[in-house]
Amino acid sequence: MKMSIALAVSAAFAAAAAGAHAADAPADKRALERGKYLARIGGCNDCHTAGYMERAGQVPESDWLAGSAVGFQGPWGTTYPANLRLLAQSMSEGQWVARFRTEMRPPMPWFNLKAMSDADVRALYAFVRSLGAKGDPMPAYVPPGQAVTTPYFVFVPQNLPAPLKTSAK
Ligand code: HEC
């Protein structure tokens, strides 16, 4: 008896989940796979997935791209890899493409996004959206010299060679 109730409940959940998917923008399977591939080999998880680097990529897909609250600090101030899952939910595909074409603060390699084809940017959108909303928005950007209360990495080169100007003199 208990078993059949459990089955009925899980069938209801499955039906609800299928309904939710059907309501989404049509995202064909190939685009989803391409988006997943790009997120992985494009290095997006390295920064935008908490713990991805530390665990050599052993983070379940369900935890991907929800942002990292460990900041990167350098001459630009302190920046946080955004929660791309919330971003994708809040944007139309057109807004997502436009965002990929705009300048961002370091160490975000925005110039690489700019070089991505529209089809690839749209595939990433389909994939990130399919992951669903997860987590919270990341801390706001902190300008240089202002107090930072979160953990952060310091991104400042050390032991640079003396400037050429000096050595030429
Ligand atoms: C070296 C770390 C790093 C890598 C690698 C990286 N990002 Fe980012 N990303 C950041 C940081 C930090 C920010 C916040 C920049 C800012 O505050 O201007 C950001 C911001 C963004 C934003 C803007 C978010 C918003 O709120 O508008 C998008 C979109 C984005 N990244 C997408 C990607 C994608 C897609 C990839 C993989 C192709 C990627 N990033 C790889 C660190 C990274």
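This short talk covers the ligand surroundings, one helix residue and the strands of a predicted model. Residues are numbered from 1 along each chain as its sequence is written. Because the model is predicted, local features need pLDDT of at least 70, and side-chain atom pairs count only at pLDDT 80 or more, while totals for chains, interfaces and linings use all residues.

I start with the ligand. It is surrounded by 22 residues, counted when the C-beta atom, placed from the backbone, lies within 6 Å of the molecule. The closest are Gly42, Cys44, Cys47, Arg105 and Met108. By type, the shell has 15 nonpolar, four polar and three charged residues. Here nonpolar means Ala, Val, Leu, Ile, Met, Phe, Trp, Tyr, Cys and Pro, charged means Asp, Glu, Lys and Arg, and the others, Gly among them, are polar.

Helices and strands are DSSP runs numbered from the N terminus: H or I of at least four residues for helices, E of at least two for strands. Helices α3 (44-48) and α4 (84-90) each supply at least two shell residues, and α3 gives the most, four.

Next, Leu113, which sits in helix α6 (residues 110-114). Is Leu113 buried or exposed? Leu113 is partly exposed because 18 other C-beta atoms lie within 10 Å; 20 or more would be buried and 12 or fewer exposed, with C-beta atoms placed from the backbone. Its C-alpha atom is 9.3 Å from that of Gly42, 71 residues apart along the chain.

Last, the strands, which pair if DSSP finds at least two bridges between them. β1 (residues 71-74) runs parallel to β3 (residues 152-154), with three bridges; Gly71 partners Tyr152. β1 also pairs antiparallel with β2 (residues 77-79) over three bridges, and Gln73 stands opposite Thr78. A hairpin of two residues joins β1 to β2.
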